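Open the model in your viewer and keep the selection box at hand. The tour goes stop by stop: select, look, move on.

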Amino acid sequence: MATRRKRSVPDPEELLGYYRQMLLVRRFEERTAQAYTEAKIGGYCHLNLGEEATVVGLMAALQERDYLFTNYRDHGYALIRGMDPGRVMAELYGRQDGVSKGWGGSMHLFDTDVRQLGGYGIVGGQLPLATGAALAVSYRDGDEVVMCQMGDGTTNIGAFHESLNMATLWDLPVVFIVVNNQLGMGTTVEMASAEPELYKRASAYRMESARVDGNDVIAVRDAASLAVERARKEQKPYLLETVSGRLRGHSVVDPAAYRSKDEVDAVRAQDPVASLHDKLVSGGVAGVDELAEIDADVARIVKAAVEFAEKSPAPEVSSLFDYTYATPVPNDSRRLPGEALFPAEPGNDSADPLFPVGA
Amino acid sequence: MAVMSYRQALHDTLRAEMLRDPDVFLMGEEIGRFEGSYKITAGLLDEFGPKRVRDTPIAEEGFTGAAVGAAMLGLRPVVEIMTINFSLLALDQITNHAAKIYGMFGGQRSVPMVIRTPGGGGQQLAATHSQNVELFYAFTPGLKVVAPSSPADAKALLLASIRDDDPVLFLENLALYNTKGEVPDGDEPAEIGRAAVTREGTDITLVAYSRMANVALQVAEKLASEEGISAEVVDLRSLRPLDRPTIIESVKKTSCAVVLEDDWLTYGIGAEVAASISDGAFDWLDAPVRRVAMAEVPLPYAKSLELAALPSAADVVTAVHQTLDAVGRRSVGAH
């Protein structure tokens, strides 16, 4: 194996770029939580707060041509992968200009242009899909890599084991990312996983794996880049576990009463955005004012995203049957709830043949 | 036109589609080295190699989902699930993913895949291997479900399914694999969503699909030759979409109907057909729509119990007699 630096020396411009991206996730999610409490956003809503370094580091490892599948905690990935923030917010608002045209919502962000193929609300559902996408790449001798993000709890589901097994058997260019934020909803990793060092589970499938500090954007980027480029060059799957924390509850509505103050304080002490801010200042990369300017800039982007979402119209009801099938098919039901299956036809056609009305 | 078995028609169609389109490939348990549990894929591994005839681990959820993912990138996987009973292990990938991806993401990526799987009891396979759960899939918008009853339909519907851009559950039947029939040459696909009137008649409509569509034809011939009763047979062929207009047209002609199904009666396909007839031909009906369906038990192993639980041709004849008697039409003979 070629020798490789454990950790590359970060370029100041690059670091500032990552800081800006992490702040975008932070401010977007804070604004999303606000919009949710204002009932502008419906359904379930899971935030990336506390996972900003992980999100940004992972996305930095992908090339444009690569594919990404994620779970339902997907807003940050969408923003950094390159979806338009206004269209992401419009999707959360359930509007016509949303990335999924208002059909998916928070958990189902999808944009074929940036090759982020969902956003999946069923835990573990994206794993076989990503494995199959990698199979398609391999089938066509492509050099794209598929990244498949999941949470820590997903490593307990059957689809995890089935997918890892197939990925190794078939030499697929897929990188599985376990974002270990140490909690399912309220269930800890130790309560749910017989092997709580989750990256070790890959060894059952002879898959290389590693664990990295998810609060360190450079460490995440380097580890993910190694995995992605190895998958690309050697057509081998990889599992990377990032360890970070969740600054809020499982979803916006969860007050996280199951966590002690000490636990919350510990997570806050490792806040990746605040940490990077302090590092940038203490390392002389940027001054407090310059970082505040970045923050103001990001705030403007988020404000514009909200304005775009607010202005975007609700999807037309006439489009309700547009996406059931890609290939049109006869006898496809297009009945609204209050409508009869066989609306009365004009004339006397639907009347009793023996006792016609009005006879 | 050649006479061949249902199995041969499936095999030849898979082979022809693989020759026609390099994006078509097969995956499933034991389909390559073992040549398929029911030998539909015999010889294809040798001809096309392991890339296009992919043996999978025993992991229905995993490999079905992998096919969905491959289809999202534009390939056309044809998955074999050994029997429809095992499709329950892939239910999440079929109903939550294959069926949803086109709609839930606003039509950005379609899922052009086929899941071939046989149903059918009556082989002394006991309760877990004798279910007919196509209903679960027919219930789900986003999926298409087809159920050919003849070698000709097996070919035409498989062509249509492979070329369709949506996920299609292609229902085969263990009891049909060895049945023979004429199969047209060429490669004309059927239209998914259209039923077929496979026998014209005037006294009563028999509605069925898959194996039971053949039972319906046999019963209709027997009723005609022995009793002069003219039964029309509607072979549904497509369970989603359901071709209600063809059913309604037939009932408007005959004024009564019996639905045959291999699955359980309660909440079954027959219930949907009966409700549709009630909606679309209420004023034409002379008798309640009868359903001939399986007894509501987990299917037993013992042959005596299995036979008692499964619907038979004799059960259909009884239902037809009772329906015609109720409206006083059998006693006066065929009209």
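Two strands count as paired if DSSP finds at least two bridges between them. Helices (H or I, at least four residues) and strands (E, at least two) are DSSP runs, numbered from the N terminus. This is a predicted model: local features need pLDDT of at least 70, side-chain atom pairs count only at pLDDT 80 or more, and totals for chains, interfaces and linings use all residues. Residues are numbered from 1 along each chain as its sequence is written, while chains are lettered from A and ligands numbered from 1 in the order in which they are written.

**Stop 1: the sheet of chain A**

Show chain A as a cartoon. Chain A has eleven helices and six strands. Its C-alpha trace spans about 95 × 50 × 40 Å along the principal axes.

Now pick out the strands. Six of them form an open sheet with parallel pairing, in the order S2-S1-S3-S4-S6-S5. At the edges are S2 (116-119) and S5 (208-213) of chain A, each pairing on one side only. From one strand to the next, the twist averages 15° (axes are lines fitted to C-alpha atoms, for helices over the stretch in contact, and angles run from 0 to 180 degrees between N-to-C directions).

Go to the S5 edge. S5(A) pairs with S6 (residues 238-243) of chain A in the parallel sense, over six bridges. Select A:Arg211; its bridge partner in S6(A) is A:Glu241.

Add helix H8 (residues 217-234) of chain A. H8(A) lies across S3 (146-151), S4 (174-180), S5 and S6 of chain A, and runs at about 170° to S6(A). Contact here is between two residues whose C-beta atoms, placed from the backbone, lie within 7 Å.

**Stop 2: strand S3 of chain A**

Select residues 146-151 of chain A, strand S3. Why is S3(A) largely enclosed by the rest of the structure? Six of its six residues are buried, so the rest of the structure largely encloses S3(A). A residue is buried if 20 or more other C-beta atoms lie within 10 Å of its own, exposed if 12 or fewer, and partly exposed in between, with C-beta atoms placed from the backbone.

Side chains in a regular strand alternate between the two faces of the sheet. On one side of S3(A) are A:Val146, A:Cys148 and A:Met150; on the other are A:Met147, A:Gln149 and A:Gly151, and all are buried.

Now look at the neighbours. S1 (residues 67-70) of chain A runs parallel to S3(A), joined by three bridges. A:Phe69 has A:Cys148 of S3(A) as its bridge partner. S3(A) and S4(A) also pair in the parallel sense, over six bridges. There, A:Gly151 is partnered by A:Val179 of S4(A).

Add helix H6 (residues 158-169) of chain A. S3(A), H6(A) and S4(A) make a right-handed β-α-β unit. Right-handed here means that, with the strands pointing away from the viewer, the path from the first strand over the helix to the second runs clockwise.

**Stop 3: helix H4 of chain A**

Select residues 85-92 of chain A. How many residues of H4(A) are buried? Eight of its eight. The cover includes helix H1 (12-37), helix H3 (75-81) and helix H11 (288-311) of chain A. Just after H4(A), A:Gly94 takes a positive phi of about 70°.

**Stop 4: the sheet of chain B**

Switch to chain B. Five strands form an open sheet with mixed pairing, in the order S9-S11-S10-S13-S14. S9 (196-199) and S14 of chain B are the edge strands. The twist averages 25° from one strand to the next.

S9(B) pairs with S11 (residues 231-235) of chain B in the antiparallel sense, over three bridges. Select B:Arg199; its bridge partner in S11(B) is B:Val233. Then add H9(B), which lies across S9, S10, S11 and S13 of chain B at about 175° to S11(B).

**Stop 5: helix H10 of chain B**

Select residues 269-281 of chain B, helix H10. H10(B) lies across S10, S13 and S14 of chain B, at about 155° to S13(B). Its buried residues include B:Val273, B:Ile277 and B:Ala281. The buried residues cover an arc of only 160° around the axis (taken from the directions from the helix axis to the C-beta atoms), which puts them on the same side of H10(B).

**Last stop: where the chains meet**

Show both chains. The contact takes 48 residues from chain B and 44 residues from chain A. On the chain B side, the elements giving two or more residues are H3 (60-72), H4 (91-98), H5 (101-104), H9 and H10 of chain B. H3(B) gives the largest share of that side, ten residues.

Terms used. Expected span 1.5 Å × (residues − 1).
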